[in-house]
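These are my notes from a session spent looking through one model. I kept to a few places and wrote down what I found at each.

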Amino acid sequence: MYRAPLRDLRFVLDELLETPALAQLPDFSDYSSEVGESILGEAAKFAEGVLDPLNKKGDTQGARWTPEGVVSAPGFREAYRQCAEGGWTQLGSDPEYGGQSAPQAVATAVQEIWASANLAFKLCPMLTHAAVHALELSGSPEQKRKFLPKLINGEWTGTMVLTEPQAGSDLAQIRSRAVPEGDHYRLFGQKIFITWGDHDSTSNIIHMVLARVEGAPSGVRGISLFIVPKVLVNDDGSLGERNEVRCVSIEHKLGIHASPTCVMAYGDRHGAVAYLVGEANRGLEYMFVMMNAARLSVGLEGYAMGERAFQHASEYARTRVQGKPPVAQPDGPASIIHHPDIKRMLLTMKSTVEACRAVALYAAYQLDIANHHPDEQTRAAAQARADLLIPIVKGWCTETGNQLTGIGVQVHGGMGFVEETGAAQYVRDVRITTIYEGTTGIQSNDLIGRKIARDGGAVMSQLLSEMTRELQELDVSNSATKLTRQAALEAVGSLKDSTASLLQALSSRPDAAMAVSVPYLMLCGYVIGGWLTARASAIAAANLQGADKAFYDAKIHTARFYAQQVLPNAIALARVVQGGAESVIDTDAALI
Ligand SMILES: Cc1cc2nc3c(=O)[nH]c(=O)nc-3n(C[C@H](O)[C@H](O)[C@H](O)COP(=O)(O)OP(=O)(O)OC[C@H]3O[C@@H](n4cnc5c(N)ncnc54)[C@H](O)[C@@H]3O)c2cc1C
């Protein structure tokens with residue numbers, strides 16, 4: 001049974017990031033800690049009461065393909081209706097079209113709760129939101145008027161349609177084509193792996209499709225973005241004829257069984273009616289603007305599954321009695337949670353989830369400043385920092401999410417491997433998160449290429465200086481915080497040296513930089529997580545005398561564990577980044 005970690009989320013939002021200060025921005029003048037608390041509280045009720053009970057059923061029964069269309073997994077249709085009626089699809093969208101303005105940091109925390117409760121479900125509103133975001137940024141006034149209100153109020157859902165059999169990571173290979181016809185286009189092509197590409201939960205689905213206008217240049221500069229509704233929409237907003245959009249089949253896959261992953265055919269005969277978004281050939285650019293939010297959202301899925309696996313494993317460890325822990329327990333037979341190795345595993349899960357959450361919400365907070373601060377320079381600096389952080393959140397939080405769900409199984413022993421316990425589902429469900437929305441390899445290319453090499457490491461260097469300064473100024477009168485701070489400072493130093501080494505490689509042997517780009521990305525995650533963990537420890541230490549002593553005490557212990565047993569990963573990764581490339585680049589592919 002999942003319980004939303006409300007106190008932890010509020011700690012990060014209110015105390016670690018001080019998001020209530022966002023109320024000083026004109027767009028968030030109504031926001032306060034109480035508003036945030038109320039949104040999260042309601043999100044928790046929906047997650048615990050509606051989404052969580054469907055999680056296992058969705059896994060075992062899944063979505064079903066029929067010739068008439070995809071049938072949602074049992075209970076999911078009703079859950080989506082409740083999600084829309086509860087106003088959840090409106091959160092973070094433009095109020096002009098019925099949205100509800102809320103800081104991205106809070107919306108991100110809500111998404112974590114959805115993802116933990118039911119990852120397969122969460123993908124549907126997430127992709128709708130991505131489609132809304134793309135339209136808000138690049139749609140014409142007419143397109144916004146026609147499509148946004150019903151996507152935002154949840155009457156319809158949206159999809160992001162990029163992948164083709166020969167065009168996965170490499171979107172330059174896209175072949176779907178669009179032929180102009182009056183005020184619209186006719187689109188032809190087959191797309192694969194389209195999440196919630198078809199279902200019966202809403203009356204219409206608005207597909208945001210990448211394709212080439214006939215005669216467009218090859219490569220990424222010839223790709224355009226189109227709106228392709230499943231059912232055509234009349235000028236008055238009512239539904240018209242069915243468009244030439246068909247789900248050919250759905251994939252049988254490792255996890256997220258309730259999320260239909262569709263092979264889609266557009267334009268079997270005359271071509272699907274499609275509307276160009278913005279200018280032709282700028283589709284990928286439009287898509288990339290909204291991809292930051294989507295990548296952040298997939299990144300949080302990694303640690304959200306880690307959180308769920310942690311809750312499950314710690315509950316099991318408190319009840320399972322096996323062996324005699326080395327330190328006698330006063331209350332009769334001791335459960336396995338008293339074995340040092342089980343404590344180690346649970347603390348690994350807890351501390352890593354908390355570090356990931358801090359980094360992800362910090363990135364979301366930067367987006368809030370970037371999008372809403374009145375000062376242009378402050379906006380630009382926050383955008384640059386968010387741009388740097390997002391591939392790290394996407395790559396690091398999902399890679400660690402995979403490790404943590406595996407540890408969750410280990411805590412259960414043999415019962416973890418048995419499906420009925422539930423721990424195995426998390427391993428299967430989280431597996432996709434390092435793959436879709438750009439694999440970890442693609443995130444690391446983005447990090448070292450666009451975010452580090454392009455500005456000579458300037459944005460990273462600013463972050464490194466800020467982390468060092470803050471850590472040096474931290475109140476370390478608490479001895480555990482002092483230890484945590486020391487480990488964080490050492491780790492920041494190793495990231496600084498590794499960044500210098502990476503920049504050197506980027507200027508002389510880019511293949512050597514690419515050979516260590518994923519270790520570099522992981523290093524960034526552990527270190528930035530270490531910085532925020534040390535900050536959390538200092539805040540907790542300052543609050544130890546209050547009523548919430550047990551909560552803050554746990555924060556300090558968890559932070560100390562992160563410093564002693566998780567953060568040393570950074571030292572090992574720094575060694576790989578600074579000296580591990582040759583073993584890759586000198587090895588011919590034929591030798592592998
Ligand atoms: C369940 C599921 C849901 C999905 N949902 C959607 C969706 O809604 N919409 C959509 O459009 N797509 C969706 N996808 C597609 C997904 O985004 C792609 O699978 C992903 O981008 C990887 O592409 P690929 O599968 O073709 O792998 P490939 O691109 O073939 O990659 C194979 C391996 O090569 C590596 N690689 C490739 N290129 C490079 C490079 N330049 N440098 C270093 N390494 C590289 C990759 O990291 C990976 O390890 C979904 C996929 C799945 C499985």
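**Notebook: a threonine, a ligand site and a helix pair**

I began with the side chains of T261 and K253, which are joined by a polar contact of 3.1 Å. I note at the outset that the model is a predicted one.

I then placed T261 in its element, and found T261 in strand β11, which covers residues 261-266. Is T261 buried or exposed? T261 has a relative accessible area of 10%, and because buried means under 20%, I entered T261 as buried. Leaving aside neighbours within four places in sequence, I listed the contacts of T261 as F193, I194, S249, I250, E251 and K253. I also looked up T261 against D27, and the two are 234 residues apart in sequence and 37 Å apart in space, C-alpha to C-alpha.

F193 led me on to the ligand, where a polar backbone atom of F193 is 2.8 Å from a ligand nitrogen atom. There are 17 residues around the ligand, of which T163, S169, F193, T195 and T439 come nearest. For T163 I recorded a polar side-chain atom 2.6 Å from a nitrogen atom of the ligand, and for S169 a polar side-chain atom 2.6 Å from an oxygen atom of the ligand.

Last, I looked up helix α1 (residues 6-16) and helix α16 (residues 517-542), which pack at an angle of about 85° with their axes 11 Å apart. That angle makes α1 roughly perpendicular to α16. On the α1 side I noted F11, E15 and L16, which meet L532, R535, A536 and I539 in α16. The residues of this contact divide into five nonpolar, no polar and two charged.

Terms used
Residues are numbered from 1 along each chain as its sequence is written. This is a predicted model: local features need pLDDT of at least 70, side-chain atom pairs count only at pLDDT 80 or more; totals for chains, interfaces and linings use all residues. Side-chain values use heavy atoms; hydrogens and water are left out. Axes are lines fitted to C-alpha atoms, for helices over the stretch in contact, and angles run from 0 to 180 degrees between N-to-C directions. Helices (H or I, at least four residues) and strands (E, at least two) are DSSP runs, numbered from the N terminus. Angles under 35 degrees count as roughly parallel, over 145 as roughly antiparallel, 65 to 115 as roughly perpendicular and the rest as oblique. Contact means heavy atoms within 4.5 Å. Ala, Val, Leu, Ile, Met, Phe, Trp, Tyr, Cys and Pro count as nonpolar, Asp, Glu, Lys and Arg as charged, and the others, Gly among them, as polar. Buried means under 20% relative accessible area, exposed over 50%, partly exposed in between (1.4 Å probe, protein chains only). A polar contact is a pair of N or O atoms within 3.5 Å; within protein, one must be able to donate a hydrogen and the other to accept it, and residues adjacent in sequence count only if both atoms are side-chain atoms. A residue is near a molecule or strand if one of its heavy atoms lies within 4 Å of it.
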